[in-house]
Amino acid sequence: MDVLRTVTDLISQGRFANALQALDTMAVGAPNRPNADVLRAELLEQVGHHSTSRALAERLLKSRLLTAQNRAACEFTLARVLLDAGDTELAIPHLQRAASLAEQAGDFERLCWSQIRLLTTLAEKSTTEATAS
């Protein structure tokens with residue numbers, strides 16, 4: 001995944017638009033294509049292209065080439081798109097799957113983010129009586 005190092009460096013700096021532009025201009029070989037496509041779906045969501053991000057993530061999840069880590073990333077991306085659209089009910093199962101897949105893959109950073117987002121989503125959805133207990 002060394003070919004994607006520039007993109008991941010830009011992402012870690014919070015420069016999502018630059019990372020997307022770099023990803024679009026680089027030649028990615030077949031072995032790195034699933035990783036690049038997952039990064040593209042995540043970046044599209046980050047820069048606000050939600051419909052394109054959603055379509056790409058849904059298409060990727062149908063692929064048998066994705067690792068559990070990449071599937072977790074796609075599920076988390078779908079959840080973020082749905083939450084931004086206000087569709088909490090559909091987002092919750094995606095967050096649950098993202099957490100489960102991240103745990104399975106040993107991706108503890110994504111596991112943490114998925115669980116935090118799931119916790120806050122459930123807390124916002126619940127009434128004050130339900131959250132008190």
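This is a short walk through some helix packing, a few single residues and the cysteines in a predicted model.

Okay, so keep in mind throughout that we're looking at a prediction. I'll start at the N-terminal end and work along to helix 7, then finish on the cysteines.

First up, helix 1, which is residues 5-12, and helix 2, residues 16-25. Their axes sit 8 Å apart and the packing angle is about 170°. So helix 1 is roughly antiparallel to helix 2, because anything over 145 degrees goes in that class. Who's making the contact? On the helix 1 side you've got Val7, Leu10 and Ile11, and on the helix 2 side Phe16, Asn18, Ala19, Ala22 and Leu23. Sort those by class and you get seven nonpolar, one polar and no charged residues.

Next, a quick stop in helix 3, residues 33-46, where you'll find Asp37. Buried or exposed, this aspartate? Asp37 is buried, at 11% relative accessible area, and the cut-off for that label is under 20%. What does Asp37 touch, once we drop the neighbours within four places in sequence? The contacts are Leu56, Arg59 and Leu60. So if you click on Asp37, have a look for Arg59 among those partners.

Now over to helix 6 and helix 7. Helix 6 is residues 88-105, helix 7 is residues 108-125, and their axes come within 8 Å, crossing at roughly 155°. That's over 145, so helix 6 counts as roughly antiparallel to helix 7. The contact has a long cast list. From helix 6 it's Thr88, Glu89, Ile92, Leu95, Gln96, Ala98, Ala99, Ala102 and Glu103, and from helix 7 it's Arg110, Leu111, Ser114, Gln115, Arg117, Leu118, Thr121, Leu122 and Lys125. By class, that contact of helix 6 with helix 7 splits into eight nonpolar, five polar and five charged residues. And for the handedness people, helix 6 passes helix 7 in a left-handed crossing.

Let me pull two residues out of that list, Leu122 and Ile92. They're 30 residues apart in sequence, and C-alpha to C-alpha they're 8.0 Å apart in space. Leu122 lies in helix 7, and at 36% relative accessibility Leu122 counts as partly exposed.

While we're in helix 7, there's Ile116 too. Ile116 comes out partly exposed as well, with a relative accessibility of 40%. If you want a distance to check on screen, take Ile116 and Leu78: 38 residues apart along the chain, with 16 Å between the C-alpha atoms.

Back to helix 6 for a second, and Ala91, which lies in that helix. How accessible is Ala91? Its relative accessible area is 0%, so Ala91 is buried. Setting aside the neighbours within four places in sequence, Ala91 is in contact with Ala79, Leu82 and Leu83. For another distance, the C-alpha atoms of Ala91 and His50 are separated by 14 Å, and those two are 41 residues apart along the chain.

Helix 7 also packs against helix 5, residues 68-84. Those axes come within 11 Å and cross at roughly 30°. That's under 35 degrees, so helix 5 is roughly parallel to helix 7. The crossing of helix 5 and helix 7 is left-handed. Helix 5 contributes Ala72, Ala73, Phe76, Arg80 and Leu83, while helix 7 brings Arg110, Trp113, Ser114, Arg117 and Thr121. The class breakdown for that contact of helix 5 with helix 7 is five nonpolar, two polar and three charged.

Last topic, the cysteines. How many disulfides do we get? Zero. Cys74 isn't in one, and the nearest cysteine sulfur, that of Cys112, is 20 Å away. Why doesn't Cys112 get a bond? The closest cysteine sulfur to Cys112 is the one in Cys74, and 20 Å is too far, because a disulfide needs the sulfurs within 2.5 Å. As for accessibility, Cys74 is buried, with a relative accessible area of 1%, whereas Cys112 is partly exposed, at 39%.

That's my tour. Happy to pull any of these up on the screen.

Notes. Residues are numbered from 1 along each chain as its sequence is written. This is a predicted model: local features need pLDDT of at least 70, side-chain atom pairs count only at pLDDT 80 or more; totals for chains, interfaces and linings use all residues. Side-chain values use heavy atoms; hydrogens and water are left out. Buried means under 20% relative accessible area, exposed over 50%, partly exposed in between (1.4 Å probe, protein chains only). Axes are lines fitted to C-alpha atoms, for helices over the stretch in contact, and angles run from 0 to 180 degrees between N-to-C directions. Helices (H or I, at least four residues) and strands (E, at least two) are DSSP runs, numbered from the N terminus. Angles under 35 degrees count as roughly parallel, over 145 as roughly antiparallel, 65 to 115 as roughly perpendicular and the rest as oblique. A crossing is left-handed if the near helix is turned anticlockwise from the far one by less than a right angle, and right-handed if clockwise. Contact means heavy atoms within 4.5 Å. Ala, Val, Leu, Ile, Met, Phe, Trp, Tyr, Cys and Pro count as nonpolar, Asp, Glu, Lys and Arg as charged, and the others, Gly among them, as polar.
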